[in-house]
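Subject: Structure for you to look at

Hello,

Here is the structure I said I would pass on. Please open it beside this message and follow along.

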Amino acid sequence: MSPAPVSGSGIGPGVLGLILAGGLARRMGGGDKPLRMLAGRTLLERVAERLGPQCAGGLALSANGDPVRFRSAFSGPVLPDTVPDHPGPLAGILAGLEAAGEAGLTHIVSVPGDAPFLPEDFVARLVAIAAAEGQPIALAASGERRHFTSALWPVALREDLRGWLASGERRVGGFIERHGAAVASWPVEPVDPFLNLNAPEDLAAAEALLARVP
C-alpha cells in the first residue's frame with residue numbers, strides 16, 4: 001500500500017539545493033565527474049553557479065569520501081550517505097532531506113553534478129507546479145525525457161525514503177511513482193538545459209554549446 005500523499009503546498013522560501021556527485025563516472029574513466037573541466041572551469045562550479053542563486057536555503061554537495069577534494073570548486077557542506085552500501089542517488093537525496101530538516105527547511109531540489117546548463121527558472125517552476133497540482137514531488141522534463149534526479153523533494157518524505165532504502169529498493173523512479181509528482185517541461189533548443197555530460201566526447205561537444213547558452 002502506498003503511503004498517504006504529502007501536499008505540494010506549504011513550500012517554504014528557503015529551498016536547499018543539492019548537487020549529486022556520488023557517481024563512479026565509469027564512462028569518464030572514473031573519479032569525480034563534477035571535477036572535470038569544461039572550458040577552464042569545473043562542472044561543479046558551473047552547476048553551482050546556475051543553481052546557487054535559485055536556492056535561498058543554500059547549496060550542499062552529496063558525495064562520499066574525503067570532502068577536501070572538492071574544496072577548490074565548492075565551499076558549501078559536503079554530505080555523505082547516511083545509509084550503508086552506497087545505494088545510489090536516493091541515498092544522496094535522503095542525506096539532503098535530513099540536512100534540510102535539521103536546518104528547518106521544508107524542501108530540497110536535487111540536480112546531477114554534470115548538468116552545467118540548468119535553467120535559471122528551474123527551482124521557481126518546480127515549486128510553482130508542485131503547489132499548483134498539489135503533488136509532493138516535482139521533476140523536470142525536456143523533450144521526451146523526465147529527469148528523476150532533477151527534482152523538488154519535501155523533507156516530509158525523509159522517513160519513508162529511509163524505509164524504502166532499508167527494504168532494498170534503489171529505483172528513483174519507483175519512489176517517485178510511490179508518491180506522485182508534477183512535471184515541469186523545458187524545450188531542448190537551443191540547448192537541452194538538463195544535458196548530462198557522461199563521456200569525454202560530451203565535454204568537447206559542450207564547449208561548442210556554451211556559446212549558445214545565455
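Below are notes on the overall make-up, the sheet, one of the helices and the cores.

**Overall**

Please keep in mind that this is a predicted model. The protein has six helices and nine strands. Of its 214 residues, 50% are buried. Take the contacts between residues at least 6 apart in sequence: 71% of these join residues at least 24 apart.

**The sheet**

Seven strands form an open sheet with mixed pairing, in the order β5-β4-β1-β6-β8-β7-β9. At its edges are β5 (78-79) and β9, each of which pairs on one side only. As a general point, strands of a sheet pair through backbone hydrogen bonds, and the pairing is either parallel or antiparallel.

A good place to start is β1, residues 16-20. This strand runs parallel to β4, with four bridges between them. It also runs parallel to β6, to which five bridges join it. Some pairs can be picked out by eye. Leu18 is opposite Ala60 in β4, and Ile19 is opposite Leu61 in β4. On the β6 side, Leu16 has Ile108 as its bridge partner.

In a regular strand, side chains alternate between the two faces of the sheet. In β1, Leu16, Leu18 and Leu20 point one way, while Gly17 and Ile19 point the other way. Are these residues buried or exposed? All of them are buried, and β1 is mostly covered, with five of its five residues buried.

Two helices lie across parts of the sheet. α1 crosses β1, β4 and β6, and runs at about 160° to β1. α3 crosses β6, β7, β8 (145-154) and β9, and runs at about 140° to β9.

**Helix α3**

α3 has twelve residues, which at 1.5 Å a residue should span 16 Å; the end C-alpha atoms are 17 Å apart, which agrees.

Which residues of α3 are buried? They are Phe122, Val123, Leu126, Ile129 and Ala130. Seen down the helix axis, the buried residues of α3 fall within an arc of 140°, so they line one face. The general background is that an α-helix has 3.6 residues a turn, so residues three or four places apart point the same way. The cover over the buried residues of α3 includes α1, β6, β7, β8 and β9. On the face turned away from the buried side are the exposed residues Ala124 and Ala132. Just after the helix, Gly134 has a positive phi of about 65°.

**The cores**

Nonpolar side chains tend to be buried together in soluble globular proteins. Here the largest nonpolar core has 31 residues, and those touching the most other members are Ile19, Leu51, Leu61, Val109 and Phe122. At least two residues of this core come from each of α1 (43-51), β4 (59-62), β6 (107-112), α3 (122-133), β7 (137-142) and β9 (181-186). α3 gives the most, with five residues.

A second, separate core has 27 residues, including Leu16, Leu20, Ile108 and Val172.

What does Val109 touch, leaving aside neighbours within four places in sequence? Its contacts are Val15, Leu16, Gly17, Leu18, Leu51, Cys55, Phe122, Val123, Ala151 and Leu152.

Regards

Key
Residues are numbered from 1 along each chain as its sequence is written. This is a predicted model: local features need pLDDT of at least 70, side-chain atom pairs count only at pLDDT 80 or more; totals for chains, interfaces and linings use all residues. Side-chain values use heavy atoms; hydrogens and water are left out. A nonpolar core is a set of buried Ala, Val, Leu, Ile, Met, Phe, Trp, Tyr and Cys residues joined through side-chain atoms within 4.5 Å. Buried means under 20% relative accessible area, exposed over 50%, partly exposed in between (1.4 Å probe, protein chains only). Contact means heavy atoms within 4.5 Å. Two strands pair if DSSP finds at least two bridges between them. Axes are lines fitted to C-alpha atoms, for helices over the stretch in contact, and angles run from 0 to 180 degrees between N-to-C directions. The expected span of a helix is 1.5 Å times one less than its number of residues. The arc is that of the directions from the helix axis to the C-beta atoms.
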